[in-house]
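Subject: Structure handover

Hello,

Here is the structure I promised to pass on. Please open it and keep it beside this note as you read.

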Amino acid sequence: MSDSHDRQSNIAMAPHSSTEVPMLEPGHTYGSVTDQISAIVLTRRTPRGWFVGFGISFLLLMAFLYATAYLFAKGIGIWGTTIPIGWAFPIVNFVWWVGIAHAGTLISAILLLLRQEWRTSINRFAEAMTLFAVSCAGLFPLLHLGRPWVFYWLLPYPNTMDLWPQFRSPLVWDVFAVLTYFTVSLLFWYAGLIPDLATLRDRTTSRFAQIVYGMLALGWRGSAAHWHRYQTAYLLMAGLATPLVISVHSIVAMDFAAAIVPGWHTTIFPPYFVAGAIFSGFAMVMTLAIPLRAVYGLQDFVTMRHLDNMAKIILATGSILAYGYFIEVFFSYYSGNPYERYVTINRALGPYAWSYWALIACNIVTPQLLWSRSLRRSVPVLFVVAMAINVGMWLERFVIVVISLHRDFLPSSWQMYYPTAWDITHFVGSLGLFFTLLFLFIRLLPMISIFELRELVHETEGEG
Amino acid sequence: MTDDVNNLADLRHPPPDCTDRSDESVPLDWDTLRTRLSGAGGRTFWKGLDELTESPEFLDYVSREFPRQSGEWMDTVARRSFLKLMAASLGLAGVGLGGCLRQPDEKIVPYVRQPEDFVPGNPLFFATCTTLGGYAMGLLVESHLGRPTKIEGNPDHPASLGATDAFAQASILSLYDPDRSQTVLKGGQISTWGEFLTALSAELPALRGRDGKGLAILTETVTSPTLAGQLRSLLKELPAAKWHQYEPVGRDNVRAGAKRAFGEYVDSIYHFDRAEVVLALDAEFLTGMPGSVRYARHFMDRRKLSRRDGPAGATGHAMNRLYAIESTPGLCGVVADHRLPMRADRIEGFARALAGELGVAVADGQVPAATEVPAAWLAALVSDLKSHRGTSLVIAGDGQPAVVHALTHAINRSLDNLGRTVETIEPVEAEPVDQLASLRALVESMRADEVDLLVVLGGNPLYNAPGELDFAKYYEQVRLRVHLSEYFDETSFVSHWHIPAAHYLESWGDARAFDGTATIQQPLIAPLYQGRTAHELLASLSGHPELTAYEVVRQYWKGRWGDADFEMRWQRALHDGVVANTKAQPHNVMWSFTDRASASISPLADHADLEVNLCPDPTVWDGRFANNGWLQELPKPLTKLTWDNAAIVSPRTAERLGVSNHDLVELSRGGRTVRAPAWIVPGQADDSISLALGYGRTRSGRIGNGAGVNAYILKTARPEWFVGGVELKPTGERRALAVTQNHYSMEGRGLVQIGTLTQFEHDPKFVDATSRHPENLPTLYPKYEESENAWGMVIDQTACTGCNACIVACQAENNIPIVGKEQVGKGREMHWLRIDRYYKGGLDNPETYFQPVACMHCENAPCELVCPVGATVHSHEGLNQMVYNRCVGTRYCSNNCPYKVRRFNFLNYDAEFGYDGDQAPVLKLLRNPDVTVRSRGVMEKCTYCIQRINESKIEAQKQNRPVRDGEIVTACQGACPTRAIVFGNIRDSESQVARLKESPLNYSLLAQLNTLPRTTYLARIRNPHPDLEGPATTDTPPIHPTAMDRVEGGER
């Protein structure tokens, strides 16, 4: 630790950085980078904290599976979902997870194309996070079906019933959007892993690990031809993945925007959902990065520069979101539509007003702290802000989904929504699934891209 | 004998095993045993030591074909029931039902000789009748392959006119109720009818010897000529026997009022079709009263503007006007043009004041009630009544004391209404008596140990006798108690013999309607269980156990008609559902009433003193329907409460007493206490609490047990339905109630268009133009192809009384499950049709509006485009169709439905109640075979009764003609007493529905959304007295939110 403090005094001398914080603490060589990251997987003792964390996550995952079994046995009546609140916690969770899943692709693809080198240290686990978040997200629409065993009827496949999905429904688009996103994210993540898997294969001493990593590395030998093709393919993939960042959440937004429910029927939803997704994705990356770099001593690779940049993105997307909230309120007034107006009033003053104001506090007020450079450099502040945003974004979806539905057109149908223990088990359980996968990932794969860091070492040296 | 009977009572506790198996073991001969075994070799097996010793007991055992005890099973009936029970228990244990076993082979065999008219798939309709409070309503019952599935009204029957009430609609479920009593029970143990007859015949000689002394028969109100004949001849045979009558929701006040006014028992029937001004004094004539279905029709026929064909006002008679004074909000108050809430005990004072104004000599001028009635109100009412001599009608509620009824007769007499709008006829009841006195006499004689044998024919006095009489205590003193009832209920439980009663759809009988018209009740199905009728039981009491109900009823009518033409007349009566020329004759009455101060019910109580109104429940009535899930889950018209009764209090009283919704309060009077949850209802009279009867059943079955609280405990032994001097104490506890509508106000959204008659006559197009069906709006999409038929519906909100008959009819027709209280509380009720209720105006006496809402079958249906699997699609005839098999259950369609009429099967609801095919196979018989039973996880909604549409289309196609207007009648439409619902082909400009859609009153709900609903509404038109109301506005200002928050459901 003191070592890194010493280095920080040299910050100003770091040749590459125009700001004062480098992307990679100086003094690293190819070897030190490789050693330090691969050691987490191969040689270092697994910290006790990992076992505790994995254990808790796994227990939650089991709770999730138990709740799911009960759900399949009884029906979705075990949840608090009702008429008129036909969508509730499961859809809130779905949108929340999909939103979180946005940061990974954004960091990997868009920032790659924009040549933002600072992405290097965080892209690997951001992508992993994306993949796991999409997995969690993808489960909820399936579980929330009244008859989950016929979920495949949403897919266009030739069948003897001569039936076809109804392509006017945004839910069908959703199926495609989420499946595509999952597939591309998985490929992108895996492609990025190949050189590192080869590194692990070469460095491990266990025969079993050699075989597994060897198979996964697909015969990577690191020849110039390999690298040449690899870079081209990776860029192309990044190009393919880029539109998905926009499309997935736009389509999720259309699930709502295409409906006539007051509070949903808004053209601003797609861009506003995408901004919100990036906002929540970065918050989640930050939430994961801060403890990881502390526990595994990765401050050299995930530096304050990274955290600072992420904080800026959060601030920027948070401002877009705030604009979205404002425009929503403005248009409900300006439209002259009494139902839209009522929804806004009901959000702010109705029985769930607490959730609306908590959302404003978490998503709009708290991120304003990030205007201050010193607060942006304070790890505890960043962590608190990121956590607030995680909560706030979940509440945002709650406000959109539940509050809009619980009081729509006919006052006779108005109802209150109360989640049941099963709703909560499914939500917390999905966190269990997410963290179980994440803990396995940390333990079994390099959480930071080794080869890209080596490139970074090269570049910083070269320029120095 | 006495000992025997005592033993009977003990039989509820199973006696010790009394078989002759001796447990003392025979000492074994060990030596013999050893020698035998030592000598045995090879494959000699022995079963037990008994075999080896060859003890005589063992040899005897082996030589007998059946074990000794099996002698008891030689009786064929008992052996059969044993086998049945064994089969059932094996079945329950899962033997033969395991999923891994093959389905048993079943053969389907066609009829060798097909019964006439009996075509599988085509239902048949039979005429019969049901009774409520003894009075008949004629029905046509749909029967599929011998099983009744749906009830419709009989257009030829005077009390039905083709419609029904909710009770009649729901009675089909009671037929198949798996909790109905299925066997004769002797002291709670399974017995047989034969054994009962044996026990009874042992009693008869002694009874005859004493001329029937000690025999008492308790019935409910009897209008059945046959049953009355049987009872009379029994009483002739056994002159010392006693016949008592007690109907828990009885008409003692009506009878006593008539006697006081005319000096004799007469029934009044009302001609609402001739009345232009009606005053209802706590009278719920639109539901529950004998003849109310007919009254509702006639009353509304005078109100509907939609009936004015052509130019407005062409029908030649004015819209009638209703004034209602109510203690608790009811349907009449909703329909009324002017309503006043008033404590039930003050109505006497009001009636006297009004009578005085109209020139009737009344006892005294001291009328505290008049202070509650605004002077202008009374003046307007008096002038309206005075200017409508002979065409006005004043009607008092069954719960009001006799003197109010007498005063009402006096008022009607002074207004020349007698013989015009009010007709007096000979009593319809076989034996009109003061039933409360009759019951009291029975209790007295039970207490004096004068009753030796008590036969209770129907009814459940142990539950529903007034608490003050302590019926239960003295009932147990009767030596032999026989109870005939459909359920093993509270009374059966403490009776020696319980005889399962046959449901009315299983039994022969007869009954008379409110106007005396008799109907022969014919069964639709043989008794599902061992049900017996009162006729059979009485025949056995008279020593003719061999007579069946069929023979008894035929005998009676043969006696009345003579042998000539009997078969013809019998067939005619069965076919028509009415016996011709049986309407009671008008009875000219003498006037004998003078109002005396002593005739008042009681010194008028102090205002601070609370009264409790113990009225029949709008859904479970007096408790007889407590185990009927459809009725339990049917939202009560005004409170929208399900599965419970509640102490209904006015907002002001609630404020004074510091109670809010769901608060458990203790109501006590004279040492009797009831704990009920409070429910605040705008429009309830201040300081008056309404607590419906019929709840708090303990032995009604899986549905009714434990629902609500028993209000009979508070009931006094007085005929009026309200009791004063009640104390209310909040307990600090809460009991969650389940309501289907939590919000009371329209939020200024103009959902129900409202206008007054003057407004309409002044400007027929007063209905908000934006709420009209927009036509030919520009669209990018191609128009739907025109088809021959375009189905549509119009609901006349002026004519809707909110009586709920349509909801139950829909439930019966469409196999809609019930979901239970907890699920209703969550908002998951499954009714395809609901009646929304909104308030307008102040909290203490708001105007109330009903709006039936089912699927609107939008032409631009928002649900259709969001379904990812195409499970909800549009038919070329404009139906919005649900394809249950295709539905995966995303519930997106429901979210996108602005009317929220889609219902989702969140759970397997039938299984939750043990109502699925496995646990209650009998309920399979109830299902309408024309409608799919939906599974868990599937969305469903109103289909416009597509099965009925298709049936008519097929019929029309066979005859090569278009479907005629009026040929298709939806279930809701068929049940509606006031014909407020009209369905048909809107493409046919001559159809009734198309003409109604042309009415200036026609509007669409949420028309701004451009969903183009096929169901539209006719605006609600009121006819207030011009002096009492200025020109009304159509907008509905929301009730102040904080005030409503206190009243609304709020948290659960």
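Below is what I found in it, starting with chain B as a whole.

One caution: this is a predicted model.

Chain B overall
Chain B has 1052 residues, and 54% of them count as buried. Its elements are 33 helices and 38 strands. Look at contacts in chain B with a separation of 6 or more: 75% of them come from residues 24 or more positions apart.

The nonpolar core
The largest nonpolar core holds 433 residues. Which of them touch the most other members? They are A:V98, A:V285, B:L281 and B:A647. Helix α10 of chain A, residues 269-295, gives the largest share of this core, with 15 residues. As a general point, nonpolar side chains in soluble globular proteins tend to be buried together.

Start with B:L281. Leaving out residues up to four places away in sequence, B:L281 touches B:I325, B:I347, B:A351, B:V394 and B:I395. Its other partners are B:A396, B:G397, B:Q400, B:V404 and B:T408.

A strand pair in chain B
One of those partners, B:I325, leads to the next stop. B:I325 stands opposite B:L340 in strand β11 of chain B. Strand β10 of chain B (residues 321-326) runs parallel to β11(B), and four bridges join the two.

Now look along β11(B), residues 338-341. B:H338 and B:L340 point one way, while B:R339 and B:P341 point the other way. Are these four buried or exposed? All are buried. In a regular strand, side chains alternate between the two faces of the sheet.

Where the chains meet
How many residues of chain B are in contact with chain A? The number is 42, and they meet 38 residues of chain A. On the chain B side, α27 (862-866), α28 (892-896) and β33 (903-904) are the elements that give two or more residues. The largest share, four residues, comes from α28(B). By class, this side of chain B has 18 nonpolar, 14 polar and ten charged residues.

A helix in chain A
Last, find helix α13 of chain A, residues 353-365. Its buried residues are A:Y356, A:L359, A:C362 and A:N363. Why do they sit on the same side of α13(A)? Because they cover an arc of only 135° around the axis. What covers these buried residues includes α11 (304-334), α12 (338-349) and α15 (379-406) of chain A.

Best wishes

Methods. Residues numbered from 1 in each chain as written. Chains lettered and ligands numbered in written order. Predicted model: local features only at pLDDT ≥ 70, side-chain atom pairs only at ≥ 80, totals over all residues. Buried ≥ 20, exposed ≤ 12 C-beta atoms within 10 Å, placed from the backbone. Pairing = 2+ DSSP bridges. Core = buried A, V, L, I, M, F, W, Y, C linked by C-beta atoms within 7 Å. Contact = placed C-beta atoms within 7 Å. Nonpolar A, V, L, I, M, F, W, Y, C, P; charged D, E, K, R; others polar. Arc of directions from axis to C-beta.
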